[in-house]
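Got a few minutes to poke at a fold together? Here's the one we'll talk through.

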Amino acid sequence: MKNFYSYKAWVLDFDGTLFNNLPVRIFMAIWLIIYYAPRPLRWKEIFILREYRRLREKLFAAEAENCHELQLKNLSERYKVSTKEIWNIINLWTIEKPKFLIKKFQREKLITAIKKFQAEGKIIVIYSDNPVAEKIKALDFVPNFYFWSDDDLIKCMKPNPQGLNNIIKFLKLNRAEILYVGDRDDRDGACAKNADVDYCDVKEFIKILMRTDNNGRQKN
(Lines give C-alpha, C1' and ligand atoms only; values in the text may rest on other atoms or scores of the structure.)
Protein backbone atom coordinates (compact mmCIF):
# COMPACT_ATOMS: atom_id res chain seq x y z
CA MET A 1 0.00 0.00 0.00
CA LYS A 2 1.38 3.40 -0.97
CA ASN A 3 1.48 5.95 1.85
CA PHE A 4 -1.37 8.41 1.23
CA TYR A 5 0.76 11.31 2.52
CA SER A 6 3.44 10.61 -0.07
CA TYR A 7 1.25 11.96 -2.89
CA LYS A 8 1.63 15.62 -3.88
CA ALA A 9 -2.10 16.16 -4.39
CA TRP A 10 -5.38 14.64 -3.29
CA VAL A 11 -8.34 15.11 -5.60
CA LEU A 12 -11.58 14.63 -3.68
CA ASP A 13 -15.17 14.25 -4.78
CA PHE A 14 -17.59 16.40 -2.74
CA ASP A 15 -21.09 14.95 -2.20
CA GLY A 16 -20.88 11.74 -0.20
CA THR A 17 -17.10 12.01 0.16
CA LEU A 18 -16.40 15.07 2.30
CA PHE A 19 -19.63 14.55 4.22
CA ASN A 20 -21.93 11.62 4.99
CA ASN A 21 -24.62 11.84 2.32
CA LEU A 22 -27.34 9.63 3.84
CA PRO A 23 -28.29 11.72 6.90
CA VAL A 24 -28.14 14.88 4.80
CA ARG A 25 -30.60 13.39 2.29
CA ILE A 26 -32.93 12.22 5.07
CA PHE A 27 -33.01 15.59 6.85
CA MET A 28 -33.47 17.44 3.57
CA ALA A 29 -36.44 15.21 2.66
CA ILE A 30 -38.06 15.95 6.02
CA TRP A 31 -37.37 19.67 5.57
CA LEU A 32 -39.03 19.64 2.15
CA ILE A 33 -42.15 17.93 3.51
CA ILE A 34 -42.46 20.34 6.44
CA TYR A 35 -41.97 23.37 4.19
CA TYR A 36 -44.24 22.43 1.26
CA ALA A 37 -47.06 20.55 3.04
CA PRO A 38 -48.89 23.79 4.00
CA ARG A 39 -48.06 25.46 0.64
CA PRO A 40 -49.96 23.45 -2.04
CA LEU A 41 -49.75 26.33 -4.53
CA ARG A 42 -45.97 25.80 -4.62
CA TRP A 43 -45.92 22.01 -4.98
CA LYS A 44 -44.71 22.45 -8.55
CA GLU A 45 -41.32 23.32 -7.07
CA ILE A 46 -41.03 19.80 -5.65
CA PHE A 47 -41.44 18.36 -9.13
CA ILE A 48 -38.87 20.79 -10.47
CA LEU A 49 -36.38 19.59 -7.87
CA ARG A 50 -37.14 15.95 -8.63
CA GLU A 51 -36.83 16.45 -12.38
CA TYR A 52 -33.59 18.38 -11.90
CA ARG A 53 -31.98 15.31 -10.35
CA ARG A 54 -33.45 12.91 -12.90
CA LEU A 55 -32.41 15.10 -15.81
CA ARG A 56 -28.87 15.30 -14.47
CA GLU A 57 -28.71 11.51 -14.37
CA LYS A 58 -29.92 11.38 -17.97
CA LEU A 59 -27.37 13.94 -19.11
CA PHE A 60 -24.69 12.11 -17.14
CA ALA A 61 -25.47 8.88 -18.98
CA ALA A 62 -25.25 10.72 -22.30
CA GLU A 63 -21.98 12.41 -21.24
CA ALA A 64 -23.46 15.74 -22.32
CA GLU A 65 -21.51 18.98 -22.04
CA ASN A 66 -22.84 22.16 -20.37
CA CYS A 67 -25.19 20.02 -18.28
CA HIS A 68 -26.18 22.84 -15.95
CA GLU A 69 -27.34 25.11 -18.76
CA LEU A 70 -29.18 22.26 -20.46
CA GLN A 71 -30.95 21.37 -17.22
CA LEU A 72 -32.20 24.90 -16.60
CA LYS A 73 -33.35 25.34 -20.18
CA ASN A 74 -35.17 22.00 -20.23
CA LEU A 75 -36.95 22.66 -16.91
CA SER A 76 -37.81 26.22 -17.91
CA GLU A 77 -39.54 24.99 -21.07
CA ARG A 78 -41.31 22.12 -19.29
CA TYR A 79 -42.70 24.12 -16.36
CA LYS A 80 -43.12 27.49 -18.11
CA VAL A 81 -40.92 29.24 -15.59
CA SER A 82 -37.91 31.46 -16.28
CA THR A 83 -34.46 29.90 -16.01
CA LYS A 84 -33.68 32.43 -13.26
CA GLU A 85 -36.62 31.23 -11.15
CA ILE A 86 -35.69 27.60 -11.82
CA TRP A 87 -32.16 28.29 -10.60
CA ASN A 88 -33.42 30.13 -7.50
CA ILE A 89 -35.38 26.99 -6.50
CA ILE A 90 -32.47 24.66 -7.24
CA ASN A 91 -29.97 26.90 -5.47
CA LEU A 92 -32.14 27.21 -2.35
CA TRP A 93 -32.72 23.47 -1.87
CA THR A 94 -29.54 21.91 -3.22
CA ILE A 95 -26.96 24.48 -2.11
CA GLU A 96 -28.07 27.05 0.46
CA LYS A 97 -30.23 24.98 2.81
CA PRO A 98 -27.96 21.86 2.80
CA LYS A 99 -24.92 23.87 3.98
CA PHE A 100 -25.92 23.58 7.64
CA LEU A 101 -26.27 19.81 7.32
CA ILE A 102 -23.05 19.46 5.32
CA LYS A 103 -21.17 21.12 8.17
CA LYS A 104 -22.89 18.95 10.76
CA PHE A 105 -22.20 15.68 8.93
CA GLN A 106 -18.79 16.39 7.42
CA ARG A 107 -16.32 13.52 7.80
CA GLU A 108 -14.23 14.87 10.67
CA LYS A 109 -11.43 12.29 10.42
CA LEU A 110 -11.02 13.03 6.73
CA ILE A 111 -11.05 16.80 7.33
CA THR A 112 -8.33 16.37 9.97
CA ALA A 113 -6.22 14.38 7.49
CA ILE A 114 -6.76 17.03 4.81
CA LYS A 115 -5.55 19.80 7.11
CA LYS A 116 -2.46 17.75 7.97
CA PHE A 117 -1.82 17.08 4.28
CA GLN A 118 -2.10 20.79 3.44
CA ALA A 119 0.19 21.70 6.37
CA GLU A 120 2.88 19.63 4.66
CA GLY A 121 2.61 21.89 1.62
CA LYS A 122 0.52 19.44 -0.41
CA ILE A 123 -2.43 20.28 -2.67
CA ILE A 124 -6.13 19.58 -2.06
CA VAL A 125 -8.50 19.73 -5.04
CA ILE A 126 -12.28 19.29 -4.87
CA TYR A 127 -13.77 17.94 -8.10
CA SER A 128 -17.54 17.48 -8.32
CA ASP A 129 -20.22 16.96 -10.94
CA ASN A 130 -22.35 19.53 -9.07
CA PRO A 131 -21.88 23.22 -8.13
CA VAL A 132 -19.58 23.38 -5.09
CA ALA A 133 -18.36 26.97 -4.65
CA GLU A 134 -20.94 27.86 -1.99
CA LYS A 135 -21.19 24.44 -0.33
CA ILE A 136 -17.44 24.37 0.30
CA LYS A 137 -17.94 27.25 2.74
CA ALA A 138 -19.67 24.82 5.11
CA LEU A 139 -16.48 22.79 5.54
CA ASP A 140 -13.77 23.36 8.15
CA PHE A 141 -10.98 23.77 5.59
CA VAL A 142 -10.31 25.66 2.37
CA PRO A 143 -9.17 23.62 -0.65
CA ASN A 144 -6.37 24.85 -2.85
CA PHE A 145 -8.60 24.51 -5.90
CA TYR A 146 -12.13 23.38 -6.71
CA PHE A 147 -13.89 22.50 -9.95
CA TRP A 148 -17.26 21.24 -11.12
CA SER A 149 -18.57 19.75 -14.34
CA ASP A 150 -19.52 22.98 -16.10
CA ASP A 151 -16.23 24.81 -15.48
CA ASP A 152 -14.30 25.70 -18.61
CA LEU A 153 -11.49 23.40 -17.48
CA ILE A 154 -13.85 20.40 -17.12
CA LYS A 155 -16.84 20.50 -19.53
CA CYS A 156 -17.90 16.90 -18.85
CA MET A 157 -19.27 14.59 -16.17
CA LYS A 158 -17.62 11.61 -14.53
CA PRO A 159 -16.53 8.96 -15.44
CA ASN A 160 -15.37 10.83 -18.55
CA PRO A 161 -11.67 11.39 -17.70
CA GLN A 162 -11.41 14.67 -19.61
CA GLY A 163 -11.97 16.79 -16.49
CA LEU A 164 -9.49 14.87 -14.35
CA ASN A 165 -6.94 14.88 -17.18
CA ASN A 166 -7.24 18.67 -17.42
CA ILE A 167 -6.88 19.04 -13.65
CA ILE A 168 -3.65 17.02 -13.83
CA LYS A 169 -2.34 19.33 -16.56
CA PHE A 170 -3.42 22.37 -14.53
CA LEU A 171 -1.53 21.11 -11.47
CA LYS A 172 1.53 20.27 -13.60
CA LEU A 173 1.99 16.98 -11.77
CA ASN A 174 2.56 13.42 -12.87
CA ARG A 175 -0.37 11.02 -12.60
CA ALA A 176 1.55 8.95 -10.06
CA GLU A 177 1.71 11.98 -7.76
CA ILE A 178 -2.09 12.27 -7.48
CA LEU A 179 -4.60 10.30 -5.44
CA TYR A 180 -8.32 10.47 -6.19
CA VAL A 181 -10.74 9.88 -3.28
CA GLY A 182 -14.47 9.36 -3.87
CA ASP A 183 -17.53 7.47 -2.71
CA ARG A 184 -18.79 5.89 -5.94
CA ASP A 185 -16.80 3.29 -7.85
CA ASP A 186 -19.03 3.64 -10.92
CA ARG A 187 -18.25 7.35 -11.25
CA ASP A 188 -15.28 8.42 -9.13
CA GLY A 189 -13.48 5.09 -9.34
CA ALA A 190 -14.12 4.72 -13.06
CA CYS A 191 -13.03 8.31 -13.68
CA ALA A 192 -9.73 7.72 -11.88
CA LYS A 193 -9.19 4.44 -13.74
CA ASN A 194 -9.91 6.09 -17.09
CA ALA A 195 -7.36 8.79 -16.25
CA ASP A 196 -4.80 6.27 -14.95
CA VAL A 197 -4.80 7.82 -11.46
CA ASP A 198 -4.68 5.96 -8.13
CA TYR A 199 -8.09 5.75 -6.46
CA CYS A 200 -9.42 4.93 -2.99
CA ASP A 201 -13.00 4.75 -1.74
CA VAL A 202 -13.49 7.29 1.03
CA LYS A 203 -14.58 4.75 3.67
CA GLU A 204 -11.53 2.57 3.04
CA PHE A 205 -9.39 5.69 2.86
CA ILE A 206 -10.45 6.74 6.37
CA LYS A 207 -9.94 3.22 7.73
CA ILE A 208 -6.38 3.12 6.40
CA LEU A 209 -5.62 6.60 7.75
CA MET A 210 -6.74 5.48 11.20
CA ARG A 211 -4.44 2.42 11.06
CA THR A 212 -1.26 4.17 9.86
CA ASP A 213 0.92 7.14 10.74
CA ASN A 214 2.20 9.85 8.38
CA ASN A 215 4.94 7.52 7.17
CA GLY A 216 2.50 4.78 6.23
CA ARG A 217 3.50 2.54 9.15
CA GLN A 218 0.94 0.60 11.16
CA LYS A 219 0.02 2.31 14.42
CA ASN A 220 0.41 0.36 17.64
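What follows is a short back-and-forth about this predicted model.

Student: Is I34 buried or exposed?
Tutor: Start with where the residue sits: I34 is in helix α1, residues 21-36. Exposed here means over 50% relative accessible area. I34 has 60% relative accessibility, so it counts as exposed.

Student: Which residues make the nonpolar surface patch of about 400 Å²?
Tutor: We've just met one of them, I34, which is exposed at 60%. Patch members need over 30% relative accessible area, and nonpolar side chains are joined within 5 Å. The patch is made by L22, I26, I30 and I34.

Student: What do the buried residues of α7 pack against?
Tutor: Helix α7 spans residues 162-171, and its buried residues are G163, L164, N165, I167, I168 and L171. Right after the helix comes K172, with a positive phi near 60°. As for the packing partners, the buried residues of α7 pack against β1 (9-12), β2 (123-128), β3 (145-148), β4 (178-182) and α8 (185-194).

Student: Which helix gives the largest share of the lining of the largest pocket?
Tutor: That pocket holds about 920 Å³ of space. It is lined by 32 residues, and D15, N21, R25, R53 and N130 are the closest to its centre. Helices α1, α2 (44-61), α4 (83-96), α5 (98-104) and α8 each supply at least two lining residues. The largest share is seven residues, and it comes from α2.

Note on methods. Residues are numbered from 1 along each chain as its sequence is written. This is a predicted model: local features need pLDDT of at least 70, side-chain atom pairs count only at pLDDT 80 or more; totals for chains, interfaces and linings use all residues. Side-chain values use heavy atoms; hydrogens and water are left out. Patches are made of residues with over 30% relative accessible area and no salt bridge: like charges are joined within 9 Å, nonpolar side chains (Val, Leu, Ile, Met, Phe, Trp, Tyr) within 5 Å. Accessible areas come from the Shrake-Rupley method with a 1.4 Å probe; for residues, only the protein chains shown count as cover. A salt bridge is a side-chain nitrogen of Lys or Arg within 4 Å of a carboxyl oxygen of Asp or Glu. Helices (H or I, at least four residues) and strands (E, at least two) are DSSP runs, numbered from the N terminus. Buried means under 20% relative accessible area, exposed over 50%, partly exposed in between (1.4 Å probe, protein chains only). Contact means heavy atoms within 4.5 Å. On a 1 Å grid over the protein atoms alone, a cavity is a set of points where a 1.4 Å probe fits but cannot get out, and a pocket is an open set with protein on both sides within 12 Å along at least five of seven lines; lining residues have an atom within 4 Å of a point. Grid points are joined across faces, edges and corners, and a volume is the space filled by probe spheres set on the points.
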